[in-house]
Amino acid sequence: MAQTPDVKKYDKKFLIGLLEQMALIRRFEEKAAQQYGLRKIGGFCHIYIGQEAVATGAVSAVDLAKDYVLTAYRDHGHALAVGMDPKSVMAELYGKKTGCSRAKGGSMHMFDASKNFLGGNGIVGAHIPVSTGVGLKIKYREEDGVVLCFFGDGAIHQGSFHESLNMAGVWKLPVVYICENNQYGMGTDYRRVSAEPDLWKLAGSYKMPGTFADGMNALDVHEKVKTAVERARSDSQPSLIEARTYRYMGHSMSDPAKYRTKEELMEQKEQDPIIILQKQMNEADMLTDDEYKEIDDKAKETVKEAIDFAENSEEPEIDSLYEDVLA
């Protein structure tokens, strides 16, 4: 297990920001799941509860004025972590015209070019080459940016992963590949399908640095990603980080997660990333229970406003089906 960074070396404002982001993602996802059950949301829906520390810790290490973020289908948390308006994210889930993708993307295709957040991709592993291409764009144009590419352990055995990392290794592209290892590729334990269970070690095949992070600890994720980002920015050196985390819900809303025991789930919930940071700050006299309650209440109110906005937004016009169609 990774060594936990000392919380006292961080500014309180920074730590509060991490807690606010994780609380917002947690409350947003709880309500998204609830609204899905009420059939307010249709289609596929993959909830991020349990993995909040990965997106929050990683995004806190980049500058979205010049850096880019791409991810896969479990993308609500990343969208909120980059600062997208929760209203536009919830409206997209509802299929309303005020959604960030104008109701054409749904749960798996959150997108906001103004924040350099290039999705949200519904095909397993398909965005890894896209992320690599963004890295090539940065290097070709001699820009100062870095790409964060998030994907799950189910994607790491796809050919697109290996082809992309080989290309990034050969061309020295400024991409940080972040594997969110939540232990299960849909319902399959990753150890059953991985010849090398330490996924970060795959970096060695492509002559790039690799490491793992405690994906339940936002500060450890922040530190590991910060180091990789600095290396990518200064030396145009790609990296692979395995963030070891755990999702508390099924793969999707249709998955009852019967492939794991209740005891395993309860044990993992004792490693809740929000409680970990809250406890660290409590013990360092940097947070009171009242201050955390205020953070949580604010998150709940923001999500309520997002739901009200989505509920009251208009449905898209039928003719809009034919807009933005390029081929």
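This section describes the strands, nonpolar cores, largest pocket and one loop residue of a predicted model.

Strand E2, which spans residues 147-152, is paired with two other strands. Strand E1, made up of residues 68-70, lies parallel to E2, and three bridges link the two. Within this pairing, Leu70 has Cys149 of E2 as its bridge partner. Strand E3, residues 175-181, also runs parallel to E2, and here the strands are joined by six bridges. Phe150 is placed opposite Ile178 of E3. Five of the six residues of E2 are buried, and the strand is therefore largely enclosed by the rest of the structure. In a regular strand, side chains point alternately to one face of the sheet and to the other.

The largest nonpolar core comprises 73 residues. Leu19, Met90, Leu148, Ile178, Val225 and Met281 are the residues with the most contacts inside this core. Its main contributor is helix H1 (residues 12-37), which supplies eleven residues. A second, separate core contains 24 residues, among them Val134, Val175, Leu199 and Met208. The surroundings of Ile178 illustrate how residues distant in sequence are brought into contact. When residues up to four places away in sequence are left out, Ile178 touches Leu148, Cys149, Phe150 and Phe151, together with Val54, Ala58, Val225, Ile241 and Ala243.

The largest pocket encloses about 340 Å³ of space. Its lining consists of 24 residues, and those closest to the centre are Ala72, Tyr73, Arg74, Gly152 and His251. By residue class, the lining divides into eleven polar, ten nonpolar and three charged residues. Strands E2 and E4 (184-185) each provide at least two of the lining residues. The greatest share comes from E2, with three residues. E2 thus appears in two settings: the strand is bridged to E3, and it also supplies part of the pocket lining.

A further position considered is Gln271, located in the loop that connects helix H8 (262-269) to helix H9 (273-283). With a relative accessibility of 40%, Gln271 is classed as partly exposed, because this category lies between the limits of 20% for buried and 50% for exposed residues. Beyond residues up to four places away in sequence, Gln271 touches Met216, Tyr248 and Ile276. Arg247 is 24 residues from Gln271 along the chain, and the C-alpha atoms of the two residues are separated by 11 Å.

Terms used
Residues numbered from 1 in each chain as written. Predicted model: local features only at pLDDT ≥ 70, side-chain atom pairs only at ≥ 80, totals over all residues. Heavy atoms only, no water. 1 Å grid on protein atoms, 1.4 Å probe; cavity = no way out; pocket = protein on both sides within 12 Å on 5 of 7 lines; lining within 4 Å. Points joined across faces, edges and corners; volume = space filled by probe spheres on them. Helix = DSSP H or I, 4+ residues; strand = E, 2+ residues; numbered from the N terminus. Nonpolar A, V, L, I, M, F, W, Y, C, P; charged D, E, K, R; others polar. Core = buried A, V, L, I, M, F, W, Y, C linked by side-chain atoms within 4.5 Å. Buried < 20%, exposed > 50% of the residue type's maximum accessible area, 1.4 Å probe, protein only. Contact = heavy atoms within 4.5 Å. Pairing = 2+ DSSP bridges.
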